[in-house]
Amino acid sequence: MATLAAAAFLGAYGLLSPNTGNQSAPNKAEQPSAEPEVVAFTSAESGTCLSWDIDGKGEISNFAEISCDKPHRFEVAAREDLSTYPTSEFGPDAERPDVTRQNALRDELCESSTLGYLHGKWDPNGKFDIASVLPPQAAWQQGDRTLLCGLQTTDEAGVPQLNTGNVEAVDQSVVAKPGECRSIDDKQIVRTVDCAQPHQLETVSIVNLGEHFTGGYPNGEELNSYLNETCTAAAIEYLGEEENLYQSTLQPFWGSVSEAAWNGGSRSVNCSLMHPNDGHFSTITGSATGGRNALTIDGAPPAVQPERNPVRNPSAAPTTAPNAQGAPADNSSAANAPAPAAQ
């Protein structure tokens with residue numbers, strides 16, 4: 001989901017993630033100006049959390065160690081001394097590695113140590129990336145060959161985001177906030193967009209499945225039944241009443257958590273609104289909170305609904321709806337609707 005990294009921190013400190021495709025060359029404005037910033041970097045050990053401020057221009061400041069129970073941008077899993085690397089590649093006169101080499105070092109040195117630090121509890125499809133941080137250019141020139149391995153989460157522009165708590169103990173799910181709309185492009189990349197722009201999903205709630213299924217990973221039937229009931233109720237609450245949901249022609253839709261993701265630490269899914277079209281998602285513009293007159297579906301107003309007595313306590317059986325690839329998903333479904341045909 002992430003695109004080319006835009007944060008100036010990436011240039012100043014060489015922070016990388018699997019989602020980082022580019023890195024700006026450091027310049028004077030990007031270099032940390034306070035000595036404590038360098039000290040915090042060079043003294044960070046496994047279990048340390050690091051944070052820094054990013055202003056509107058992307059410039060960083062206040063780089064420091066911080067308690068992991070406070071908002072932070074990076075959790076250190078391990079530190080490596082590149083001066084002990086079994087070649088002369090990182091000797092006293094060596095240039096700091098470029099992006100390609102940094103990526104290789106991250107893959108070579110960080111993945112195993114980070115998984116060990118997490119005791120294997122990591123969802124590779126969750127919100128946390130295994131990443132690496134090299135010293136700022138000034139510290140590198142002074143001989144600092146520390147490489148920090150750790151975990152971070154980034155936004156769609158590659159900017160490291162604030163998190164609270166240790167990764168091993170928090171929910172690793174990738175979820176959108178209620179009211180956010182999500183678009184799915186031809187490459188199946190999901191992005192958050194303004195609801196006035198074309199989109200396929202409108203988020204109505206976040207459901208933490210761990211709060212309900214306390215005995216471990218639920219079977220598919222239990223999970224689908226629970227989410228059918230929960231997401232239908234959430235959609236009605238989001239729109240104010242069941243009649244508003246009916247008139248919108250949209251249907252509740254929910255995500256899924258695989259057993260592997262559950263074991264890795266992911267527990268939450270989104271309840272959303274969608275509209276099926278022959279086994280695919282329709283393209284929607286506008287927010288359902290504005291009523292049917294605020295919506296277009298595949299470029300047209302919502303279909304006129306037959307008159308009926310509003311349903312007071314809907315409890316329809318789950319059916320199958322398209323997933324992000326446009327094919328029916330086993331555990332991602334829509335309620336109160338005929339099943340779209342698979343393509």
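Which side chain does the side chain of Glu-202 meet in a polar contact? I would like to start there, and I should say at once that what we are looking at is a predicted model. The answer is Tyr-238, since a polar contact of 2.6 Å joins its side chain to that of Glu-202.

Let me stay with this residue for a moment. Glu-202 sits in strand β8, and although it is buried, it has no salt bridge, the nearest side chain of opposite charge being that of Arg-182, 12 Å away. Is it then in contact with residues from elsewhere in the chain, and which ones? If we leave aside the neighbours within four places in sequence, the contacts of Glu-202 include Glu-180 and Cys-181, then Tyr-238 once more, then Cys-271, Ser-272 and Leu-273, and also Gly-286, Ser-287, Ala-288 and Thr-289.

The strand around it helps to place these contacts. Strand β8 covers residues 201-208 and is mostly covered, with six of its eight residues buried. It pairs in the antiparallel sense with strand β6, residues 181-184, over two bridges, and here Cys-181 is the residue that stands opposite Glu-202. Strand β8 also pairs with strand β10, residues 268-274, again antiparallel and this time over six bridges, with Val-207 standing opposite Val-269.

Now to another part of the fold, where five strands form an open sheet in the order β2-β1-β3-β5-β4, with antiparallel pairing. The edges of this sheet are β2, residues 60-66, and β4, residues 129-133, each of which pairs on one side only. From one strand to the next, the twist averages 35°. If you would like a pair to look for on the screen, strand β1, residues 49-54, is joined to β2 by five bridges, and Asp-53 has Ser-61 in β2 as its bridge partner.

Let me turn to the charged pairs, because Glu-202 lacks a salt bridge, whereas the structure as a whole holds five of them. One of these joins Arg-101 to Glu-89, with the closest N and O atoms 2.7 Å apart. This pair links distant parts of the chain, Arg-101 being in helix α3, residues 99-117, and Glu-89 in the loop between β3 and α3, twelve residues apart. Both residues are partly exposed, Arg-101 with a relative accessible area of 21% and Glu-89 with one of 32%.

Another salt bridge brings together the side chains of Arg-191 and Asp-185, at 3.1 Å from N to O. Here too the partners are partly exposed, Arg-191 at 26% relative accessibility and Asp-185 at 27%.

The last pair I want to show is Arg-308 with Glu-243, where the closest N and O atoms are 2.9 Å apart. Arg-308 lies in the loop between β14 and β15, while Glu-243 is in helix α6, residues 242-248, so this salt bridge ties together parts that are 65 residues apart in sequence. Arg-308, at 26% relative accessibility, counts as partly exposed. Salt bridges with shared partners also bring in Glu-242, which forms one network with Glu-243 and Arg-308.

To come back to the opening residue, Glu-202 is buried without a salt bridge, and its side chain has a polar contact with that of Tyr-238.

Note on methods:
Residues numbered from 1 in each chain as written. Predicted model: local features only at pLDDT ≥ 70, side-chain atom pairs only at ≥ 80, totals over all residues. Heavy atoms only, no water. Pairing = 2+ DSSP bridges. Helix = DSSP H or I, 4+ residues; strand = E, 2+ residues; numbered from the N terminus. Axes fitted to C-alpha atoms, helices over the stretch in contact; angles between N-to-C directions. Buried < 20%, exposed > 50% of the residue type's maximum accessible area, 1.4 Å probe, protein only. Lys, Arg positive; Asp, Glu negative; His and termini not counted. Salt bridge = Lys/Arg side-chain N within 4 Å of Asp/Glu carboxyl O. Polar contact = N/O pair within 3.5 Å; in protein donor to acceptor, adjacent residues only side chain to side chain. Contact = heavy atoms within 4.5 Å.
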